[in-house]
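Open the model in a viewer and keep the sequence panel visible. The stops below can be selected one after another.

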Amino acid sequence: SVRTYIGRFWITLSSHFSFLFLSNMLLTILFGITKMFYGEALLILLVLFPVIKLLYKATYRYFFRPFNYIIIGGKLENIETITNKFYTHYGENALCVGRFGNTPNDLVRNLGNYFDIKNYLLTNDNIRRLVYVYSDLSKSEIQDIFKICSANFIDIMIFPREIDLFPRGFNTEYYYDTPFYMARTEPLGRLRNKLVKRLFDLLFSSLVIILIFPWLIPIIGLLIKLESKGPIFFIQKRSGYFGKEFYCYKFRSMTMNDESDDKQATKYDSRITQIGAFIRKTNIDEIPQFLNVFMGQMSVVGPRPHMLKHTAFYSNRIQDFMIRHKIKPGITGWAQINGYRGPTETVEKMNKRVQYDIWYMENWTILLDIECIFRTILNGLKGEENAF
């Protein structure tokens, strides 16, 4: 909707300005770079961006000129995948002329059976790409077709039949001249991205520990102590990176009870104290987890860590549940800022949360982390419906 689009625009804009402000502060402190120099560099970049964008568009149009392609074989779902992928990548620059197959297909035009291919390629000079899926043709016949393509400057692509075995995508890795298909590596599976995220976590958690901990912990600690007996912090074992258990820190928001490791907090939960309700609503109860971030057990942004009992329960009921443990758990996460926080009374609710976590894993960028942090702060200031 327009409202959602405008909201995302302002969040992204604010995130970028926050990032620029922090960068300016750090550059000034560490390297003595003046604000005047930084402002001049920013103005130059603002002028260069439109020029770079125009050059990019001109280059794209030059190298990705319109082309026609044909498909050999395949089922309806294979052909639909191919045409959708080409349209997503090339737009209207890629036109599927039709398909060769011994059985007709309603999705694209049928050009004939497999034995009509050679004659078609020899008599039509408007084809620039051939996508081979699979067929009843022998290896020698396929090689003859590929030779005709090579002689007529037609690019050859082979669509793997095994793609259905990788619902979340795959990569191709070569060992000498032999290709192997492997499940797709998420962005945080790459060392460079891991380092970027870890450096960001260290910087952010250090600032919180230095600037916020010294005054926040005594205030919240005193309020907790005044209202109920027990420790200031609530420490509980949670499932972390690659399923490894760790002790997660929080401000204690409940009276001391024997159900903490088994029962989630619910609305109007009698165990929650008055100060506990406030710090849960504003996400302040999660602040001590910056110690977990600093120690490398958690990240600022990532899938929320669950109690051990919940991990055991849901891992047997949701197929993709354990995938979310391939990255470090977070203080906040993509699922949480999109409304999926609080108790998960049903498997369906947890499954939806898992799908958001997987989307985050597959689409991670450092700017996405900044957006999550910014939206978490906004949600904490206005209060969240599911925070109790």
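**Starting point: Asn78**

Select Asn78 and show its neighbours: leaving aside residues up to four places away in sequence, Asn78 touches Val133, Tyr134 and Phe159. The coordinates come from a predicted model. Asn78 belongs to helix H3. Is Asn78 buried or exposed? With a relative accessible area of 4%, under the 20% limit, Asn78 is buried.

**The sheet**

Next, select the five strands that form an open sheet, in the order S3-S2-S1-S4-S5, with parallel pairing. Strand S3 (110-112) and strand S5 (155-158) are the edge strands; each has a single partner strand, so one side of each has no neighbour in the sheet. From one strand to the next, the twist averages 30 degrees.

Now limit the selection to residues 67-73 and 127-134. These are strands S1 and S4, which run parallel and are joined by six bridges. Two opposite pairs can be picked out here: Asn68 with Ile127 in S4, and Ile70 with Leu130 in S4.

Add helix H3, residues 76-90, which packs on the sheet and touches S1, strand S2 (94-100), S4 and S5. The direction of H3 makes about 160 degrees with that of S1. Then add helix H5, residues 139-151. H5 also packs on the sheet, in contact with S1, S4 and S5, and its direction makes about 165 degrees with that of S4.

Stay on S4 and colour by accessibility. Seven of the eight residues of S4 are buried, so the rest of the structure largely encloses this strand. On to S5: four bridges join S4 to S5, and the two run parallel. Val131 is the residue to click here; it stands opposite Met157 in S5. Show S4, H5 and S5 together, and they make up a right-handed β-α-β unit.

**The nonpolar cores**

Leave the sheet and select Ile220, Phe251, Ile284, Ile287, Phe290 and Tyr360. These residues have the most contacts inside the largest nonpolar core, which has 37 residues. Which helix gives the most to this core? Helix H12 (residues 347-362) does, with five residues.

Centre on Phe251 and display its contacts. Beyond four places away in sequence, its partners include Leu216, Ile217, Ile220, Ile224, Ile232, Phe233 and Phe234. Also among them are Ile279, Ile284, Asp285, Ile287 and Pro288. Apart from the largest core lies another, of 19 residues, including Val97, Ile117, Ile145 and Phe146.

**Helix H8**

Select residues 274-281, helix H8, where Ile275, Gly276, Ile279 and Arg280 are buried. These residues cover an arc of only 130 degrees around the axis, which puts them on the same side of H8. In an α-helix there are 3.6 residues a turn, so residues three or four places apart point the same way. To see what the buried residues of H8 pack against, add helix H7 (213-227) and strand S9 (245-251).

**The whole chain**

Finally, zoom out and colour by secondary structure: the chain has 13 helices and eleven strands. Of its 388 residues, 38% count as buried. Among contacts in the chain with a separation of 6 or more, 66% are between residues 24 or more positions apart.

Key: Residues numbered from 1 in each chain as written. Predicted model: local features only at pLDDT ≥ 70, side-chain atom pairs only at ≥ 80, totals over all residues. Heavy atoms only, no water. Pairing = 2+ DSSP bridges. Axes fitted to C-alpha atoms, helices over the stretch in contact; angles between N-to-C directions. Contact = heavy atoms within 4.5 Å. Buried < 20%, exposed > 50% of the residue type's maximum accessible area, 1.4 Å probe, protein only. Right-handed = clockwise from strand over helix to strand, strands pointing away. Core = buried A, V, L, I, M, F, W, Y, C linked by side-chain atoms within 4.5 Å. Arc of directions from axis to C-beta.
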